[in-house]
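This briefing covers the fold, one helix, the charged pairs and the packing around selected side chains. Please read it alongside the sequence and the coordinates.

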Amino acid sequence: MEEPERYSVWGKVRLDQLAGDAGESVKTTPFTQACLLLLQAVYIDIEDLLGSRQAGLFQKNISEVFQQWRFPKAESPEAVQNLLTLDPLSGSQVPPWEEHHLITLLQELHRLGKQYFGNTSFVARAIDALEDMPEAERTHFISWLNQSPLGKLWR
């Protein structure tokens, strides 16, 4: 069940509109890669700082999010484990997520991170993980993120 009105604040920041503004074709793959890097960074921080038990609970929580919102290639616990360990920058195994999947992931990831850490201190460390991306793609993703209401969560 989709709830397009839930994300109405994103109506002004659409990937296809951003592509038109930039005069180039924007694909969601670099955005998906960035979201996976953020997901993995939060997961690693939970494992390192809170222990493997909490990391297991986080993996279960994020699996429930993926199932609830019907994320392609994230239906099983094994698929989620793969997403938490794959190299998203290789590009070969990046799931075919659409913009609404990315928005949902960013919202839920922030909510879960805040729940696990008790504050938003995880955001800066997670954003640092984007340094592994090529500069142009990272800049494009951060620009897209900052133009959205979710950008305030991820600063």
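A residue is called buried when its relative accessible area is under 20%, exposed when that area is over 50%, and partly exposed in between. At 10% relative accessibility, Glu108 therefore counts as buried. The model is a predicted one.

**Overall fold**

- The chain contains seven helices and zero strands.
- Along the sequence the pattern reads α-α-α-α-α-α-α.
- The chain has 155 residues, and buried residues make up 45% of them.
- The chain exposes about 8,200 Å², of which carbon and sulfur atoms supply 48%.
- Of the contacts between residues at least 6 apart in sequence, 71% join residues at least 24 apart.

**Helix α2**

- Helix α2 covers residues 29-50, which is 22 residues.
- At 1.5 Å a residue, α2 should span 32 Å, and its end C-alpha atoms are 31 Å apart, which agrees.
- Of the 22 residues of α2, 16 are buried, so the helix is largely enclosed by the rest of the structure.
- Gly51 follows α2 and has a positive phi, near 105°.

**Salt bridges**

- With a side-chain nitrogen of Lys or Arg required to lie within 4 Å of a carboxyl oxygen of Asp or Glu, the count of salt bridges is four.
- One of them joins the side chains of Asp45 and Arg125, at 2.7 Å from N to O.
- Asp45 belongs to helix α2 and Arg125 to helix α6 (residues 122-128), so this pair ties together parts that are 80 residues apart in sequence.
- Asp45 is buried at a relative accessible area of 13%, whereas Arg125 is partly exposed at 33%.
- Another salt bridge joins the side chains of Glu108 and Arg111, also with an N to O distance of 2.7 Å.
- Glu108 and Arg111 both lie in helix α5 (residues 99-117), three residues apart, or about one turn of the helix.
- An α-helix has 3.6 residues a turn, so residues three or four places apart point the same way.
- Glu108 is buried, as stated above, while Arg111 is partly exposed with a relative accessible area of 41%.
- Glu131 and Arg138 form a further salt bridge, in which the closest N and O atoms are 3.9 Å apart.
- That distance is accepted because the cut-off is 4 Å.
- Glu131 is exposed, with a relative accessible area of 53%, and Arg138 counts as buried at 14% relative accessibility.

**His101 in helix α5**

- His101 lies in helix α5 and counts as buried at 6% relative accessibility.
- The His101 side chain reaches the backbone nitrogen of Glu98 at 3.0 Å.
- Apart from neighbours within four places in sequence, His101 is in contact with Trp69, Arg70, Phe71 and Pro72.

**Leu102 in helix α5**

- Leu102 is also in helix α5, and it counts as buried with a relative accessibility of 0%.
- Leu102 and Thr32 are 70 residues apart in sequence, yet their C-alpha atoms are 6.7 Å apart in space.
- Leaving out residues up to four places away in sequence, Leu102 touches Thr28, Phe31, Thr32, Cys35, Trp97 and Trp144.

**Aromatic pairs**

- A search of the whole structure finds 10 aromatic pairs.
- One of them, Phe141 with Trp144, is tilted, at 5.7 Å centre to centre and 45° between the planes.
- This angle is classed as tilted because planes under 30 degrees apart count as stacked and those over 60 as edge-to-face.
- Phe141 and Trp144 both lie in helix α7 (residues 135-146), three residues apart, about one turn of the helix.
- Both Phe141 and Trp144 are buried.
- Ring pairs link Phe31, Phe141 and Trp144 into a cluster.
- Two members of that cluster, Phe31 and Trp144, are among the residues that Leu102 touches.

Key
Residues numbered from 1 in each chain as written. Heavy atoms only, no water. Helix = DSSP H or I, 4+ residues; strand = E, 2+ residues; numbered from the N terminus. Expected span 1.5 Å × (residues − 1). Buried < 20%, exposed > 50% of the residue type's maximum accessible area, 1.4 Å probe, protein only. Polar contact = N/O pair within 3.5 Å; in protein donor to acceptor, adjacent residues only side chain to side chain. Contact = heavy atoms within 4.5 Å. Areas by Shrake-Rupley, 256 points an atom, 1.4 Å probe, with all protein chains shown as cover. Phe/Tyr/Trp six-rings, centres within 6.5 Å; stacked < 30°, edge-to-face > 60°.
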